[in-house]
Amino acid sequence: MTRHPAELALSEHDAALLDKSGFVADPAAAAAARLDRGIRMQELIHRSLSVIDAAERLGVSAARIRQRLADGTLWAFTSGRSRLLPPAQFTAAGGVRHLEKVMPRVAKDLHPLSLQALLTQPQPSLIVDGRPVSITAWLTGCASTARAINQAADVVTAAAWAST
């Protein structure tokens with residue numbers, strides 16, 4: 001669906017907030033950012049797992065995946081009529097170790113791109129060999145103690161607080 005350029009313009013309220021903050025109005029930049037977000041969302045939808053795919057990956061039934069979604073140990077978003085699970089929750093061989101202890105702290109209304117970024121981008125408080133690592137890398141390679149797992153959970157909690 002092609003949108004008219006006027007539909008891509010900022011609302012008066014948003015423009016006023018940006019002006020007050022010192023941002024320069026650039027409708028082309030705003031349109032480019034929306035386009036980029038749309039492309040990233042389509043890529044995420046394409047790479048995400050269906051409930052059945054997730055069940056196969058984890059070696060469990062689809063009912064077990066739905067149960068884990070209900071108890072918050074896995075996270076999904078709706079796309080059309082499908083529930084999709086972002087790929088950051090999985091490895092090629094199964095699930096990310098210890099993720100079930102972290103995921104219940106994720107805000108339920110988090111945008112799917114934000115969740116994917118939260119789990120895959122380096123986090124300043126998760127350091128390995130002097131470099132920040134992502135939550136999934138931390139849990140997969142480093143988190144063998146309850147304290148280390150709690151460190152990753154604390155990053156998720158901080159992100160949930162920041163999003164409110």
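**Cores, a hairpin and a one-faced helix**

Ile135 and Leu139 touch the most other members of the largest nonpolar core, which has 29 residues. The elements that contribute two or more residues to this core are α3 (27–47), α6 (112–120), α7 (135–141) and α8 (146–162). Of these, α8 supplies the largest share, with 7 residues. The model described here is a predicted one. A second core, separate from the first, comprises 10 residues, including Ala54, Leu69, Leu74 and Leu85.

The surroundings of Ile135 can be followed residue by residue. Once its neighbours within four places in sequence are set aside, Ile135 is in contact with Leu118, Leu119, Gln121, Gln123 and Leu126, and also with Ala152, Val155 and Val156.

Next to Ile135 in the discussion comes Ser134, which is located in the loop between β7 (131–133) and α7. Is Ser134 buried or exposed? Its relative accessible area is 8%, and because buried means under 20%, Ser134 counts as buried. The side chain of Ser134 has two polar partners to consider. With the side chain of Thr136 it makes a polar contact of 3.1 Å. A polar atom of the Ser134 side chain also lies 3.0 Å from the backbone nitrogen of Ala137. Beyond its neighbours within four places in sequence, Ser134 is in contact with Leu119, Thr120, Gln121, Pro122, Gln123 and Leu126.

The strand that precedes this loop, β7, belongs to a hairpin with β6, and 2 residues lie between the two strands. Strand β6 covers residues 123–128 and pairs with β7 in the antiparallel sense, over 3 bridges. Within this pairing, Gln123 stands opposite Val133 of β7. In the turn, Asp129 has a positive phi of about 50°.

Attention now passes to α3, one of the elements that give two or more residues to the largest core. This helix has 21 residues, and the distance from its first C-alpha to its last is 30 Å, close to the 30 Å expected at 1.5 Å a residue. Which residues of α3 are buried? They are Ala30, Met41 and Leu44. Viewed down the helix axis, the buried residues of α3 fall within an arc of 60°, and therefore they line one face of the helix. On the other side of α3, the residues Ala28, Leu35, Gln42 and His46 are exposed. The buried residues of α3 pack against two elements, β2 (77–79) and α6.

Strand β2 leads in turn to a sheet. This is an open sheet of 3 strands in the order β1-β3-β2, with antiparallel pairing. Strands β1 (49–50) and β2 are its edges, each pairing on one side only. The connection between β2 and β3 (residues 82–85) is antiparallel and consists of 3 bridges.

Thr78 is a residue of β2, and its bridge partner in β3 is Arg83. Thr78 has a relative accessibility of 58%, and since exposed means over 50%, Thr78 counts as exposed. How far apart are the C-alpha atoms of Thr78 and Pro112? They are separated by 9.4 Å, although the two residues are 34 residues apart along the chain.

Note on methods: Residues numbered from 1 in each chain as written. Predicted model: local features only at pLDDT ≥ 70, side-chain atom pairs only at ≥ 80, totals over all residues. Heavy atoms only, no water. Core = buried A, V, L, I, M, F, W, Y, C linked by side-chain atoms within 4.5 Å. Buried < 20%, exposed > 50% of the residue type's maximum accessible area, 1.4 Å probe, protein only. Helix = DSSP H or I, 4+ residues; strand = E, 2+ residues; numbered from the N terminus. Contact = heavy atoms within 4.5 Å. Polar contact = N/O pair within 3.5 Å; in protein donor to acceptor, adjacent residues only side chain to side chain. Pairing = 2+ DSSP bridges. Expected span 1.5 Å × (residues − 1). Arc of directions from axis to C-beta.
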